[in-house]
Amino acid sequence: MLYETFNSIKESFGTDYFTSRVSEEIVQNLNPNFELREYQKEALGRFDFYFTEYQKRQWPAHLLFHMATGSGKTLIMAANILYLYKLGYRNFIFFVNSINIIEKTKDNFLNPLSEKYLFAPKIKFGEKEVFIKEVQNFEGVNPENINILFTTIQGLHIRMNQPRENVLTEEDFEGKILFLFLMRHIIYRH
């Protein structure tokens, strides 16, 4: 398993091997009210290692962050979007299994007035200011923005199988597109 392989790497190179890989530029583009915890830095460092140095990386990448409710998965996703932006990715599909989660996530990603807004007031890479935009498809988007299509699994299925004007089509997948799936575990107690 990848997790075990990376644990062996950490054991060989030191406990801060992954946490030290987190770019200050990424951290500064996150909301300063949400300081990254050590395990979040480790997750981000492992993500960076997988994309930049891991010799057995598979493409397309299928990675999972298995984390408890309230542990900051959405903040990890925001940081990874910033990281991937630096690698040249601009278009993201963020999909989940419920409309309620979509609405909360949109607020966290798009509304700077929300107390849970995840990004810094200005996102900057070098001297360039970057904007996060919600899109319905990737046709005609600004290639300098972070363009995110928010949908449910069912909504994505409908968009792909019942094409309409101004919605996602197969042609939208011709460039670099990242799928981000956020799964929330609900534990029922009897």
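A residue counts as buried when its relative accessible area is under 20%, as exposed when it is over 50%, and as partly exposed in between (1.4 Å probe, protein chains only). The exercises below concern a predicted model, in which local features need pLDDT of at least 70, side-chain atom pairs count only at pLDDT 80 or more, and totals for chains, interfaces and linings use all residues. Residues are numbered from 1 along each chain as its sequence is written, and side-chain values use heavy atoms, with hydrogens and water left out.

**Exercise 1. The chain as a whole**

Task: State what share of the 190 residues is buried, and describe the order of helices and strands.

Solution.
Step 1. Of the 190 residues of the chain, 44% count as buried.
Step 2. Helices (H or I, at least four residues) and strands (E, at least two) are DSSP runs, numbered from the N terminus. The chain has 6 helices and 6 strands.
Step 3. Along the sequence they follow the pattern α-α-α-α-β-α-β-β-β-β-α-β.
Step 4. A contact means heavy atoms within 4.5 Å. Among contacts between residues at least 6 apart in sequence, 68% join residues at least 24 apart.

**Exercise 2. Confidence**

Task: Determine the mean pLDDT of the chain, and find where pLDDT stays under 50.

Solution.
Step 1. pLDDT is the predictor's confidence in each residue, from 0 to 100.
Step 2. The chain has a mean pLDDT of 83, and 87% of its residues reach 70 or more.
Step 3. Over residues 183-190 pLDDT stays under 50, and the model has 5 contacts beyond four places in sequence for this stretch.

**Exercise 3. Two helices that meet**

Task: Describe how α3 and α4 cross, and name the residues through which they meet.

Solution.
Step 1. Two packed helices are described by the angle between their axes and the distance between the axes. Axes are lines fitted to C-alpha atoms, for helices over the stretch in contact, and angles run from 0 to 180 degrees between N-to-C directions.
Step 2. The axes of α3 (residues 38-52) and α4 (residues 73-86) come within 10 Å and cross at roughly 35°.
Step 3. On the side of α3, the residues are Gln40, Ala43, Leu44, Phe47, Asp48, Phe51 and Thr52; in α4 they meet Leu75, Ile76, Ala79, Asn80, Tyr83 and Leu84.
Step 4. Ala, Val, Leu, Ile, Met, Phe, Trp, Tyr, Cys and Pro count as nonpolar, Asp, Glu, Lys and Arg as charged, and the others, Gly among them, as polar. The residues of this contact of α3 with α4 divide into 9 nonpolar, 3 polar and 1 charged.

**Exercise 4. Four residues**

Task: Classify Tyr85, Thr151, Val27 and Leu64 as buried, partly exposed or exposed, and place each in the fold.

Solution.
Step 1. Tyr85 lies in helix α4 and is buried, because its relative accessibility is 2%. Beyond four places in sequence, its contacts include Phe125, Val130 and Asn145. The C-alpha atoms of Tyr85 and Asn145, 60 residues apart along the chain, are separated by 8.9 Å.
Step 2. Thr151 belongs to strand β5 (residues 146-152) and is buried, because its relative accessible area is 6%. Among its contacts beyond four places in sequence are Ile93, Phe95 and Leu156.
Step 3. Val27, in helix α2 (residues 24-28), is partly exposed at 29% relative accessibility. Leaving aside neighbours within four places in sequence, Val27 is in contact with Val22 and Leu36.
Step 4. Leu64 sits in the loop between α3 and α4 and is exposed, because its relative accessible area is 72%. Its C-alpha atom is 9.9 Å from that of Phe47, 17 residues away along the chain.
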